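Colleague: I'm new to this one, so please pick a single part and take me through it slowly. Tell me how your terms are defined as you go.

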Amino acid sequence: MDNEYLEYTAYCPSCGRRMEVANLYLRIDQLTGRKTLERVMYCKSCNIKIRQYAQL
């Protein structure tokens with residue numbers, strides 16, 4: 001489920017092309033152990049950047 005969701009959100013909402021990943025971080029909360037994936041993606045054709053947070 002998680003992998004399919006991350007693959008689906010890798011496409012540009014404007015033009016529908018696949019976006020490039022600029023930064024990718026995995027953060028683990030020390031108290032709860034919750035994992036959060038943060039990634040910054042950009043579209044070369046639209047020149048937009050999107051920051052996404054996904055809790056795994």
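**A charged trio across the strands**

Modeller: Let's start with the whole chain: residues 24 or more positions apart make up 28% of its contacts with a separation of 6 or more, a contact being heavy atoms within 4.5 Å. Keep in mind that this is a predicted model, where local features need pLDDT of at least 70 and side-chain atom pairs count only at pLDDT 80 or more, while totals for chains, interfaces and linings use all residues. Residues are numbered from 1 along each chain as its sequence is written, and side-chain values use heavy atoms, leaving out hydrogens and water.

The chain has one helix and three strands, in the order α-β-β-β. Those are DSSP runs, numbered from the N terminus: H or I over at least four residues for helices, E over at least two for strands.

Now for the part I'd zoom in on. There are two salt bridges here, meaning a side-chain nitrogen of Lys or Arg within 4 Å of a carboxyl oxygen of Asp or Glu. In one of them, the side chains of R27 and E38 meet at 2.8 Å, N to O. That pair ties together distant parts of the chain, with R27 in β1 (residues 20-28), E38 in β2 (residues 35-43) and their positions 11 residues apart. E38 also has a salt bridge with R51, where the closest N and O atoms are 3.8 Å apart. This link reaches from β2 to β3 (residues 48-55), its partners being 13 residues apart. Through the shared partner, R27, E38 and R51 end up in one network.

How covered are they? E38 counts as buried because its relative accessibility is 6%, whereas R51 is exposed at 53%. The cut-offs are under 20% relative accessible area for buried, over 50% for exposed and partly exposed in between, with a 1.4 Å probe and protein chains only.

What about the backbone around E38? β1 and β2 run antiparallel, joined by eight bridges; DSSP has to find at least two bridges before two strands count as paired. Within that pairing, E38 is the bridge partner of Y25. The two strands form a hairpin with six residues between them, and G33 in the turn has a positive phi of about 80 degrees.

So, to recap: E38 in β2 shares salt bridges with R27 and R51, and it is buried because just 6% of its relative accessibility remains.
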